[in-house]
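User: Could you take a close look at one part of this model for me, the ligand site, and then work outward from it? I'd like one connected account rather than a list.

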Amino acid sequence: MALKINKNYKKIKKNYIFTEISEKKSNFLKSHKNAKIIDLGVGDVTRPLNKNMVAVINNALNEQLHKKTFKGYPPENGYDFLKKQIVNYYKQRNVSLTIEEVFVSNGACCDVTNILDLFKKNKTIIANPTYPAYYDSNFLQGNAIFLRDANQKNNFVLSPKNLKKRSYIIYLCSPNNPTGTVFTKQQLKEWVDFANLTSSIIIFDCAYESFISDVNLPHFIYEIEGAKKCAIEIASFSKMAGFTNLRCSWSIVPEELNINGYNINSMWSRRQCTKFNGVPYCVQKGAEYALSKNGQLECKKNIQYYKTNLKILTKCLKSLKIECFNSMHTPYVWFKCPQNYTSWQFFDLLLQDYQIVGIPGLGFGTQGEGFFRFSAFASRKDILIACERLKNFAIKKD
Ligand code: MLT
């Protein structure tokens with residue numbers, strides 16, 4: 001009998017959206033060797049790490065030189081020193097956790113997709129538009145995907161209203177990538193109540209929480225009463241501390257999270273210990289430093305830099321009468337394509353005529369059609385060049 005293959009790999013679009021964008025950029029460069037592309041596409045950090053953090057990482061690496069301090073495999077779920085630091089980070093927002101609830105990992109994207117290992121075929125709720133890995137991973141797993149509009153009509157806010165009361169896996173992203181929407185406590189409470197009522201599970205992706213600048217907005221789902229009974233939270237050092245290369249993230253799986261008699265915390269631990277080798281010691285030391293008092297202040301400087309980039313970009317787009325949305329609490333500006341361009345038409349136009357790369361809204365879901373995303377993870381110089389080029393676009397169109 002022939003091997004059984006996961007046929008969904010044949011049915012899914014050939015490329016993940018961010019791969020497709022990189023390919024288009026490389027192809028363009030092949031035929032325009034001297035082009036100076038301004039890349040505001042994939043959200044990848046560009047600011048160097050702080051020297052204090054690098055010193056901490058170097059010192060940790062130097063420990064590998066000595067018999068006494070040499071370390072072999074890291075614990076699969078993370079060193080206690082980092083888990084304690086994460087617990088303290090949550091205390092700043094009055095959330096109390098045990099270190100057993102913290103799982104250190106090497107990327108939010110891996111965790112939001114690997115978590116599906118704990119579940120069999122299910123119904124999954126995903127915002128349209130949102131981070132594309134949720135859709136792709138659920139599609140590959142063969143889950144029934146229920147896309148729910150979070151578009152201009154409802155201010156890009158995903159809501160459980162009018163949903164059939166049954167059990168789902170619910171993906172929530174706040175601040176949402178790409179629209180920038182941040183749930184208020186009230187809106188998040190509606191989801192927590194819905195999940196508890198229907199025995200659903202929420203996968204709460206807060207990879208961009210460090211960009212929230214309003215103290216009244218929730219950073220973590222556990223700020224909402226009842227969330228520990230229904231939610232897993234996934235966060236990352238990538239954008240917060242510039243770790244897209246070093247790789248470190250964490251997930252919170254509450255000890256009290258039980259579904260049909262199964263304890264999700266012990267299942268996730270079992271899964272990670274079987275399939276994951278852990279994050280290097282020196283990287284976890286760097287992550288510990290990022291959450292220290294000084295580390296947080298230093299990371300905030302970079303976040304502020306990107307936010308200023310975003311302000312400049314948004315101001316420029318608005319001056320061209322382009323409608324922009326929700327760019328207060330994210331590193332991205334989400335905007336309407338001018339002149340009724342489709343999002344891929346606008347992508348091609350920007351690349352061909354202005355050598356600017358962004359992400360077409362359609363890449364985040366059908367409701368992203370007609371919209372576009374720019375990332376502010378760039379040098380100030382590049383942001384200013386992009387703005388100059390965009391002004392030419394305005395002159396040409398007039
Ligand atoms: C994005 O561009 O949305 C992200 O940087 C991609 C990622 O985090 O995987």
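Analyst: I'll start at the ligand, move to the loops and strands, and end with two helices.

Quick ground rules: this is a predicted model, where local features need pLDDT of at least 70 and side-chain atom pairs count only at pLDDT 80 or more, while totals for chains, interfaces and linings use all residues. Numbering runs from 1 along each chain as its sequence is written, and side-chain values use heavy atoms, with hydrogens and water left out.

The residues around the ligand are Phe18, Val42, Gly43, Tyr131, Asn177, Tyr208, Lys239, Tyr332 and Arg373; to make that list, a residue needs one of its heavy atoms within 4 Å of the molecule. Sorted by class, that shell has five nonpolar, two polar and two charged residues. Here Ala, Val, Leu, Ile, Met, Phe, Trp, Tyr, Cys and Pro count as nonpolar, Asp, Glu, Lys and Arg as charged, and the others, Gly among them, as polar.

Three side chains put an N or O atom close to ligand oxygen: Asn177 at 2.8 Å, Lys239 at 3.0 Å and Arg373 at 2.7 Å. The protein covers 82% of the 270 Å² of accessible area the ligand has on its own (Shrake-Rupley method, 1.4 Å probe; for residues, only the protein chains shown count as cover).

Asn177 has something else going on: a cis peptide bond joins Asn177 to Pro178, with omega about 20 degrees. Another cis bond joins Ser174 and Pro175, with omega about -5 degrees. Pro175 sits in the loop between strand E5 (169-173) and helix H7 (185-198), and Pro178 is in the loop between E5 and H7 too. (Helices, H or I with at least four residues, and strands, E with at least two, are DSSP runs numbered from the N terminus.)

On the other side of E5, the loop between strand E4 (144-149) and E5 holds Asn155. Asn155 has a positive phi near 55 degrees without being a glycine, and Phe156 also has a positive phi, about 65 degrees. Phe156 is buried at 4% relative accessible area, whereas Asn155 is exposed at 58% (buried is under 20%, exposed over 50%, partly exposed in between, with a 1.4 Å probe and protein chains only).

In strand E3 (residues 123-128) there's Thr124, buried at 0%. Beyond its sequence neighbours within four places, its contacts (heavy atoms within 4.5 Å) include Ala144, Ile169 and Tyr171. The Thr124 side chain also makes a polar contact with the side chain of Asn138 at 2.8 Å. Polar contact means a pair of N or O atoms within 3.5 Å; within protein, one must be able to donate a hydrogen and the other to accept it, and residues adjacent in sequence count only if both atoms are side-chain atoms.

Now the helices. Nine of the 10 residues of H10 (residues 281-290) are buried, so H10 is largely enclosed by the rest of the structure. Its cover includes helix H8 (238-241), strand E2 (102-105) and helix H11 (293-319). In H12 (residues 343-354), the buried residues include Trp344, Phe346 and Phe347, and just after H12, Gln355 takes a positive phi of about 50 degrees.
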